[in-house]
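Let's walk through this model together, beginning with charged pairs and then turning to how the chains meet.

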Protein chains: 2
Amino acid sequence: MSELSPATVARLPRYLRLLEEAENGRTVSSDVLAEATGVTAANVRRDVAAMGFQGTRGVGYSAVDLADRIRRELGIDKRRKVGIVGAGNLGTALAGYSGVARRGFDVTAVYDVDPKRIGQKVGGTEIRDMAGVAGDSADGLFDMAVLAVPAPSAQTVANQLVSAGIKSILNFAPARIEVPEGVALRQVDLSYELQILSYYG
Amino acid sequence: MSELSPATVARLPRYLRLLEEAENGRTVSSDVLAEATGVTAANVRRDVAAMGFQGTRGVGYSAVDLADRIRRELGIDKRRKVGIVGAGNLGTALAGYSGVARRGFDVTAVYDVDPKRIGQKVGGTEIRDMAGVAGDSADGLFDMAVLAVPAPSAQTVANQLVSAGIKSILNFAPARIEVPEGVALRQVDLSYELQILSYYG
């Protein structure tokens, strides 16, 4: 794996989506990747070069090979197991989100603390008791977690997950949480997105 | 309003959150804003200068004044009206997302096409028939839209919204959609977020 800038990493999934849409055996130019992702072709070429990947001048990149390379860089050449914490509307929606399975991820566990929810199924996965999260994680049931809990619980649940050995957390709860160094955290916040969008129109 | 780079605009909501958390009458330094948002202090100072805002050397920025300025830049100094299209699990979760109201947005309309859902309430808002979206938008019921529909419907619904005069769309459907120039579009895609996170752990 290469050492890539955060901006490059953030663009890789977009390139990958386009490359996966290209037909088998096709090449894709940096111009096409640039236009679809809203950056310059020079930017695309730098991103690709940063992975040590080579295209053919005047022809472009082999879609299959570059897609493979990006998957390897992102660590999704092997499937990854995702646990969703919180089986309310948001957790249920995320568990059934189409495309996640196609993109390299299996939702292998869904957790809640509500005794009425535990044992029910969402998207084919039985809802488990949050009390068992440490044991489940030690058993390798999942290794990335998505937080879909109410804001006031977010930090506590994140702490539980970190104690359980989880190193990657995607937080959908509208709360800023802190994790120790060595744990990767991303935050999706609907208000941030609306605020950014509001600037443009 | 200033002409700001996309990267600056994307950071403004994070600065704003911190500034809003500061006590009344306090100043906040570029170092504090930098640490909490993961950029350099020089970056923060450039972002703030791009808005034409001034701090006091060695003291920092007035939290209240800088927050006001950011809200004005983002166009959320007046409240904005949001329509959510799709009243499934995701739309229901988004309609009830805590923090949105506190951040300057009112969910004033929720739409669905399912006759069984139309007329029911989510988060205090009655679900309306998608067939009335053009009239509602002309009446000023909402001016930003959030797409929470299944992927195969996303483009069709986006087209309906654009025809209805909506200029800002936040797409949560796992589908790439296209909008004409002059319409602002942002996409939140769970798979992208998981793929980016996967790089780090």
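A salt bridge here is a side-chain nitrogen of Lys or Arg within 4 Å of a carboxyl oxygen of Asp or Glu. By this rule, the count over all chains comes to 22 salt bridges. One of them joins the side chains of A:Arg103 and A:Glu20, at 3.1 Å from N to O. This pair links distant parts of the chain: A:Arg103 sits in the loop between H5 and strand E4 (105-112) of chain A, while A:Glu20 belongs to helix H1 of chain A, 83 residues away. Helices (H or I, at least four residues) and strands (E, at least two) are DSSP runs, numbered from the N terminus.

A few conventions will help you follow along. This is a predicted model, in which local features need pLDDT of at least 70 and side-chain atom pairs count only at pLDDT 80 or more, while totals for chains, interfaces and linings use all residues. Residues are numbered from 1 along each chain as its sequence is written, chains are lettered from A and ligands numbered from 1 in the order in which they are written, and side-chain values use heavy atoms, with hydrogens and water left out. As for confidence, pLDDT is the predictor's own score for each residue, from 0 to 100; chain A has a mean of 92, with 100% of its residues at 70 or more. The model scores ipTM 0.92 and pTM 0.87.

How are the two copies related? A rotation of 180 degrees, with 0.0 Å of shift along its axis, superposes chain A on chain B with an RMSD of 0.0 Å; the fit is by least squares on the C-alpha atoms of residues with pLDDT of at least 70 in both. The copies are therefore related as by a two-fold rotation axis. In chain A, the C-alpha nearest that axis belongs to A:Asn89, 2.4 Å from it.

Now for the interface itself. With contact meaning heavy atoms within 4.5 Å, 59 residues of chain A are in contact with 58 residues of chain B. Because 98% of the interface residues of chain A are also interface residues in chain B, the copies meet through the same surface. The rule finds 6 salt bridges across this interface. In one salt bridge, the side chain of B:Arg176 meets that of A:Glu21 at 2.5 Å, N to O.
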